[in-house]
Amino acid sequence: DFVKALSYVVAQRRAGVNVRVVNISYGGVSDTQSYRDALVAAGNAGILVVVAAGNDGSSSLASLGYPSGWQLPNVLSVGSLTPANTRAASSNFGSLVNIFAPGENILTTSIFASGPVELDLIRPGYRWISGTSFSAPVVAGAAALMMDAYPTASFSAVRNRMLATATPFGTQVKLNLGAAISAPP
């Protein structure tokens, strides 16, 4: 399903749709050639793929999984920050995680917004939730804003600018959109 979905996005890009960034807020799948090939095809089409780093609180590749574990030029792996701008304890980290963004205590919409989560009881509304699946869209949105502000910038220029202007914390870096968007990548 992932390969089909990403292949569809690549086909849309090649057909003239201005798709330049994709968010993937899941991971932990196997290292398969078809999966990797789909990501490479997205890169060849000029698409930045922003992925969630995972929520195992680990720096090992075994915990990180894929697509976050592939160090491809068009893949940006995102870890989770707390509201205090520190690494969330559950967030994966280390050399395979490229950048961090807010991802703890994020208010979002949910079909199970109030009361216990029961499949037979749907109560739409809002809910507080945490994880790298919520950090990755922040970075994808930042990349989209940069691509809108600088429409001729390549995904690699945007990716490199985001990383170069990120704020260091420990051995990792966190998104600094103000610095990243202040000048053309």
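In which hand does H4 pass H5 where the two helices cross? The model considered here is a predicted one, and in it H4 passes H5 in a right-handed crossing. Helix H4 covers residues 132–149 and helix H5 covers residues 155–164, and their axes come within 10 Å of each other while crossing at roughly 120 degrees. Angles over 145 degrees count as roughly antiparallel and those from 65 to 115 as roughly perpendicular, and H4 and H5 are therefore oblique to each other.

The residues that make this contact can be followed on both helices. On the side of H4 they are Val139, Ala142, Ala143, Met146 and Met147, and these meet Phe155, Val158, Arg161 and Met162 of H5. Sorted by class, the residues of the contact of H4 with H5 comprise eight that are nonpolar, none that is polar and one that is charged.

Helix H5 can then be considered with respect to its buried residues, which include Phe155, Val158, Arg159 and Met162. When the helix is viewed down its axis, the buried residues of H5 fall within an arc of 100 degrees, so they line one face of the helix. The elements against which these buried residues of H5 pack are helix H2 (33–44), strand E2 (48–52), strand E3 (75–81), strand E4 (99–102), H4 and helix H6 (177–181).

Helix H2, one of those partners of the buried residues of H5, also packs with helix H1, which spans residues 2–14; the axes of H1 and H2 lie 9 Å apart, at an angle of about 20 degrees. That angle makes H1 roughly parallel to H2, and the crossing of H1 and H2 is left-handed. In this pairing Phe2, Val3, Leu6, Val10 and Arg14 of H1 meet Ser34, Tyr35, Ala38, Leu39, Ala41 and Ala42 of H2. By class, the contact of H1 with H2 holds nine nonpolar residues, one polar residue and one charged residue.

Outside these helix pairs, the loop between E3 and E4 contains Thr82 as well as Asn85. Thr82 is buried, with a relative accessible area of 14%, and, if residues up to four places away in sequence are not counted, Thr82 touches Arg87, Ala88 and Glu104. Asn85, by contrast, is partly exposed, at a relative accessible area of 39%.

The backbone of Asn85 also deserves a look. Most residues other than glycine have a negative phi. Asn85, however, has a phi near 65 degrees, which is a positive value in a residue other than glycine. Asn105 likewise has a positive phi, of about 60 degrees, although Asn105 is not a glycine. The place of Asn105 is in the loop between E4 and strand E5 (106–110), where Asn105 is partly exposed, with a relative accessible area of 43%.

A last stop is Ser63, which belongs to helix H3, residues 61–64. With a relative accessibility of 25%, Ser63 counts as partly exposed. Leaving aside neighbours within four places in sequence, Ser63 is in contact with Asp56, Ser58 and Asn92. Of these partners, Asn92 is 29 residues away from Ser63 along the chain, and the C-alpha atoms of Ser63 and Asn92 are separated by 7.8 Å.

Conventions. Residues numbered from 1 in each chain as written. Predicted model: local features only at pLDDT ≥ 70, side-chain atom pairs only at ≥ 80, totals over all residues. Heavy atoms only, no water. Axes fitted to C-alpha atoms, helices over the stretch in contact; angles between N-to-C directions. Helix = DSSP H or I, 4+ residues; strand = E, 2+ residues; numbered from the N terminus. Parallel < 35°, antiparallel > 145°, perpendicular 65-115°, else oblique. Left-handed = near helix turned anticlockwise from the far one by under 90°. Contact = heavy atoms within 4.5 Å. Nonpolar A, V, L, I, M, F, W, Y, C, P; charged D, E, K, R; others polar. Buried < 20%, exposed > 50% of the residue type's maximum accessible area, 1.4 Å probe, protein only. Arc of directions from axis to C-beta.
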